[in-house]
Amino acid sequence: MLNIGVMGLGTIATKAYLPVYAAMQDQVNWRLMTRNEEKLHRLGQQFNLPIAGNNVAALDVLPLDAVMIHTPTKTHYDLVRHFLNKGISVFVDKPLATNIDQVKDLYALADKQGVLLTVGFNRRFAPLHQTLAQQSDKTAVRVMKTRLDQPDEPFHALYDLMIHPVDTALALAGFPETAKVDHFAIQKNAAGQLLRAEVALSAPHMMVSAGIDEAAGANLEEATVTTSHGIYRVQDLSRLITIQGTTQTQTYPSDWAPILVTRGFSPLVHAFVDAVVNHGDNPVSPQTSILSHQVIAELAAQALS
């Protein structure tokens with residue numbers, strides 16, 4: 001049995017990860033840690049997961065094989081570095097850091113220590129997105145995420161929201177090594193909040209674009225792959241639309257498919273645990289993660305200039 005610590009029990013951890021951990025107790029001894037004592041004991045009881053304590057020291061005394069870090073982004077660099085230095089594999093929510101040099105530094109340290117550093121890009125593991133990724137003869141990839149009316153501070157919007165469509169678009173394109181950024185587009189409101197952002201990249205025989213719109217009048221996440229044999233579109237990770245000639249079909253996940261499977265969280269956690277157990281390849285490779293962080297870093301530099 002693996003021993004894995006879990007740090008940070010906020011909204012995403014509670015909704016997206018703790019149910020997955022609770023269902024994997026036949027494979028992993030999980031140990032919860034958060035500073036909020038009330039939350040620690042309440043969630044431990046709710047998900048029937050044992051607790052470690054309310055500080056990092058409580059995890060440091062345990063024989064951990066890995067740690068799952070769900071704490072705020074600003075804490076990631078120091079916490080990830082702390083556990084990598086102890087020779088412990090790390091899973092951490094995106095973004096790994098908001099400084100590209102820190103991102104590269106942490107991956108270099110993980111490589112030196114011979115352990116995994118996996119960033120939680122769950123959308124790569126959504127089954128319908130994987131269907132798009134498997135299509136041949138792609139000519140264009142476009143991923144867009146819109147919100148009803150939630151303008152945000154630019155730096156936070158890019159690293160918290162824009163990083164998802166950027167990473168998804170690159171994943172659907174197969175992370176082409178020769179991809180290059182053609183242009184960025186940023187639009188703000190009078191208060192300096194980010195309304196819209198887009199990035200366009202080119203690769204051999206393919207155009208790739210990703211964007212967010214925080215005042216679109218609707219909440220929607222849409223990924224579209226255009227090929228020589230049809231158009232394939234996934235909406236909100238839960239509906240696949242296939243258009244070939246004049247024929248259009250729609251495919252949905254099985255009624256029995258849990259939402260944390262369709263959204264990629266469960267497959268990602270299982271892939272990480274399997275990699276730790278079997279000393280396998282990183283399910284989110286460092287090179288691809290660095291590329292996604294690099295694109296966001298360039299976009300953030302433009303947004304703040």
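## Second largest pocket

In this predicted model, 19 residues line the second largest pocket. Nearest its centre lie Ser89, Gly114, Val115, Leu116 and Gly280. Two elements, α5 (100-113) and α9 (265-278), each give two or more residues to this lining.

The space in the second largest pocket comes to about 380 Å³. Its lining divides into 11 nonpolar, 6 polar and 2 charged residues.

Both of these helices also pack against other helices, as set out below.

## α9 against α1

Helix α1 (residues 11-23) crosses α9 at roughly 55 degrees, and the two axes come within 10 Å. α1 is therefore oblique to α9. The crossing is right-handed.

On the α1 side, the contact uses Ala16, Tyr17, Val20 and Tyr21. Phe265, Ser266 and Val269 meet them from α9. By class, the contact of α1 with α9 holds 6 nonpolar residues, 1 polar and no charged.

## α5 against α10

Helix α10 (residues 286-304) packs on α5 with the axes 10 Å apart. The angle between them is about 170 degrees. An angle over 145 degrees counts as roughly antiparallel, so α5 and α10 are roughly antiparallel to each other.

α5 brings Ile100, Val103, Lys104 and Tyr107 to the contact. α10 brings Pro286, Ser289, Ile290, His293, Gln294 and Ala297. The residues of the contact of α5 with α10 divide into 6 nonpolar, 3 polar and 1 charged.

Key
Residues numbered from 1 in each chain as written. Predicted model: local features only at pLDDT ≥ 70, side-chain atom pairs only at ≥ 80, totals over all residues. Heavy atoms only, no water. 1 Å grid on protein atoms, 1.4 Å probe; cavity = no way out; pocket = protein on both sides within 12 Å on 5 of 7 lines; lining within 4 Å. Points joined across faces, edges and corners; volume = space filled by probe spheres on them. Helix = DSSP H or I, 4+ residues; strand = E, 2+ residues; numbered from the N terminus. Nonpolar A, V, L, I, M, F, W, Y, C, P; charged D, E, K, R; others polar. Axes fitted to C-alpha atoms, helices over the stretch in contact; angles between N-to-C directions. Parallel < 35°, antiparallel > 145°, perpendicular 65-115°, else oblique. Left-handed = near helix turned anticlockwise from the far one by under 90°. Contact = heavy atoms within 4.5 Å.
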